[in-house]
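Let's take a friendly walk through this model together. Have the sequence and the coordinates open as you read.

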Amino acid sequence: MKLGIVGLPNVGKSTLFNSLTKAGAESANYPFCTIDPNVGVVPVPDERLDKLTAMYNSEKTTPAVIEFVDIAGLVKGASKGEGLGNQFLSNIREVDAIVHVVRCFDDPNVIHVDGSVDPLRDIETINLELIFSDIEILERRIAKQSKGAFNNKELAKEVELLKALKEHLEEGRLARSFEAEDEDTLNSSIP
Ligand SMILES: Nc1nc2c(ncn2[C@@H]2O[C@H](COP(=O)(O)OP(=O)(O)O)[C@@H](O)[C@H]2O)c(=O)[nH]1
Ligand SMILES: [Mg+2]
């Protein structure tokens, strides 16, 4: 399981990452201090596993792990390449789930990229970038699949589904709230 820590710059992502992983990622008061994604692997504590190890005198115990990725801050326009945006978005695509960190603390010494503390606005900023990025991927996919769709039922079905998903995104809604009638087609068509 790979979890990506996502949010605007300076909201506390690396601070959270460090406390989760104690991996010592750089936590500093300026945007873009995390250029490469920082990865930390955390074993999941489980008393049952300890008991099993003792019971079977196991030489080796392999706990479940969660991999945390401290993804560099996204900013408005990231989906159009602002602030190294597209690179960060591709980091997001590689994780199973994202943890969206939102700034709620006031501190005049910690710069807010959008000038004021406003968690609801910040959530919207990040969600919109994710939506824009998804729309772009969908447009490419629709263009590619449409070529063969006129004489291929499966492709035509996929294109129809992708267009419905695109409409959903264009209404400002996240892909995960999209309800497909045919999940199989959806799963096989999302790259
Ligand atoms: N007052 C306060 N400062 C925080 C909090 N979380 C992080 N910071 C500070 O905010 C700055 C940016 O934090 P960092 O984790 O590097 O943010 P990132 O850019 O999202 O990774 C650092 O100076 C942190 O010490 C918090 O909950 N309260
Ligand atoms: Mg950071």
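How many Å lie between a backbone N or O atom of Asn-10 and an oxygen atom of ligand 1? In this predicted model, the distance is 2.7 Å.

## Around ligand 1

That contact has company. A backbone N or O atom of Gly-12 is found 3.0 Å from an oxygen atom of ligand 1, and for Val-11 a polar backbone atom is 3.1 Å from an oxygen atom of the ligand. On its own, ligand 1 has 590 Å² of accessible area, and the protein covers 71% of that. In total, 13 residues surround the ligand, and the closest are Asn-10, Gly-12, Lys-13, Ser-14 and Thr-15.

Asn-10 itself deserves a second look. Its place is the loop between β1 (2–6) and α1 (13–21). Asn-10 counts as buried because its relative accessible area is 13%, below the 20% cut-off.

## The overall fold

Stepping back, the chain holds 6 helices and 4 strands. Following the sequence, you will meet them in the pattern β-α-β-α-β-α-β-α-α-α. Of the contacts in the chain with a separation of 6 or more, 61% are between residues 24 or more positions apart.

The chain has 191 residues, and 37% of them are buried. About 11800 Å² is exposed by the chain, with carbon and sulfur atoms supplying 53% of this area.

## Two asparagines with positive phi

Most residues other than glycine have a negative phi. Asn-10 has a positive value of about 65°, and Asn-57 also has a positive phi, near 50°.

Where does Asn-57 sit in the chain? You will find Asn-57 in the loop between α2 (47–56) and β3 (65–70). Is Asn-57 buried or exposed? With a relative accessible area of 68%, Asn-57 is exposed, whereas Asn-10 is buried at 13%.

## Polar side chains of helix α5

Helix α5 spans residues 153–170 and includes Lys-166; Glu-158 is also in this helix. Glu-158 has a relative accessibility of 8%, so it counts as buried. Which side chains does Glu-158 meet in polar contacts? One partner is the side chain of Arg-141, at 3.2 Å, and another is the side chain of Gln-145, also at 3.2 Å.

Further along the helix, Lys-166 counts as buried because its relative accessibility is 19%, under the 20% limit. The side chain of Lys-166 makes a polar contact of 3.5 Å with the side chain of Glu-139. Leaving aside residues up to four places away in sequence, Lys-166 touches Ile-135, Leu-138, Glu-139 and Ile-142.

## A nonpolar patch on the surface

Now turn to the surface, where Val-39, Val-41 and Val-65 form a nonpolar patch. Together, these three valines have about 240 Å² of accessible area.

Val-39 belongs to strand β2, which covers residues 38–43. Why does Val-39 count as partly exposed? The relative accessibility of Val-39 is 47%, and the partly exposed class takes in values between under 20% for buried and over 50% for exposed, which means that Val-39 falls in that class.

Note on methods: Residues numbered from 1 in each chain as written. Chains lettered and ligands numbered in written order. Predicted model: local features only at pLDDT ≥ 70, side-chain atom pairs only at ≥ 80, totals over all residues. Heavy atoms only, no water. Patch = residues over 30% accessible without salt bridge, like charges linked within 9 Å, V, L, I, M, F, W, Y side chains within 5 Å. Areas by Shrake-Rupley, 256 points an atom, 1.4 Å probe, with all protein chains shown as cover. Salt bridge = Lys/Arg side-chain N within 4 Å of Asp/Glu carboxyl O. Helix = DSSP H or I, 4+ residues; strand = E, 2+ residues; numbered from the N terminus. Buried < 20%, exposed > 50% of the residue type's maximum accessible area, 1.4 Å probe, protein only. Polar contact = N/O pair within 3.5 Å; in protein donor to acceptor, adjacent residues only side chain to side chain. Contact = heavy atoms within 4.5 Å. Near = heavy atom within 4 Å.
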